[in-house]
Amino acid sequence: MLTSSIAGIVEKSKVIDGSSIKEGDVVLAITSNGLHTNDYSLVRLLMDKMPQIKLDKIDGLTFIEQIMKPHTPYYRSIKGLFDKDVIHGMAHITGGGIEGNLCRVIPDGLSAQIDLSKLKILDIFKYIRDNGNISDEEML
């Protein structure tokens, strides 16, 4: 088994823990490049049921090539925002989806409204949803 992790150091005054989130703040989403972490449990079940999908093409790559893409380092997408003091909280959306992860960073008494029509859904996720007969709620 091979695993990896990333650790960093930040000054205590610069920690982004969600405590500065306030009413009127905007939720921004960064599109993933594919499957990460918890997504593989679902994919293994799908491949067990339908082994033929491994060679299906999605956006010019086989299913296997799509699911084996390296994880995107999202820091590059937002690094220019840290010095501007505009990021009030961050959530990594993994197992549990938006509902199960976003609430961890939003202070009590506040909630977020997410316009799902604004999210870019990658073709690999549409493929998994359609071929696995998975509801949109479960995919979220």
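Which residues have the most contacts inside the largest nonpolar core? In this predicted model, the largest nonpolar core has 15 residues, and those with the most contacts inside it are L35, V43, I53, F63, I67, I124 and I128. At least two residues of this core are supplied by each of the helices α1 (39-49), α2 (63-67) and α5, and the largest share, four residues, comes from α5.

Helix α5 spans residues 123-131, and within this helix I124, F125, Y127 and I128 are buried. When α5 is seen down its axis, the buried residues fall within an arc of 160 degrees, so they line one face of the helix. The helix is followed by N133, whose phi is positive, near 50 degrees.

The surroundings of two residues of α2 can be described in turn. For I67, once its neighbours within four places in sequence are left aside, contacts are found with L35, Y40, V43, M47 and I124; of these partners, L35, V43 and I124 are themselves listed, together with I67, among the residues with the most contacts inside the largest nonpolar core. Q66, which is also found in helix α2, has a relative accessibility of 4% and therefore counts as buried, the cut-off being under 20%. Apart from neighbours within four places in sequence, Q66 is in contact with I58, D59, L61 and I124. I124 of α5 is thus a contact partner of I67 and of Q66.

Beyond α5, I134 has its place in the loop between α5 and α6 (136-139). With a relative accessible area of 13%, I134 is buried, because this value is under the 20% cut-off. When neighbours within four places in sequence are left aside, I134 is in contact with L42, I128, R129 and M139; among these partners, I128 is one of the buried residues of α5. I134 and V15, by comparison, are 119 residues apart in sequence and 37 Å apart in space, as taken from C-alpha to C-alpha.

At the surface, a nonpolar patch of about 310 Å² is made by V27, I114, L116 and L140. One of these residues, I114, lies in the loop between α4 (97-102) and α5. The relative accessibility of I114 is 32%, so this residue counts as partly exposed, a class that lies between the limits of 20% and 50%.

Key
Residues numbered from 1 in each chain as written. Predicted model: local features only at pLDDT ≥ 70, side-chain atom pairs only at ≥ 80, totals over all residues. Heavy atoms only, no water. Buried < 20%, exposed > 50% of the residue type's maximum accessible area, 1.4 Å probe, protein only. Arc of directions from axis to C-beta. Core = buried A, V, L, I, M, F, W, Y, C linked by side-chain atoms within 4.5 Å. Contact = heavy atoms within 4.5 Å. Patch = residues over 30% accessible without salt bridge, like charges linked within 9 Å, V, L, I, M, F, W, Y side chains within 5 Å. Areas by Shrake-Rupley, 256 points an atom, 1.4 Å probe, with all protein chains shown as cover. Salt bridge = Lys/Arg side-chain N within 4 Å of Asp/Glu carboxyl O.
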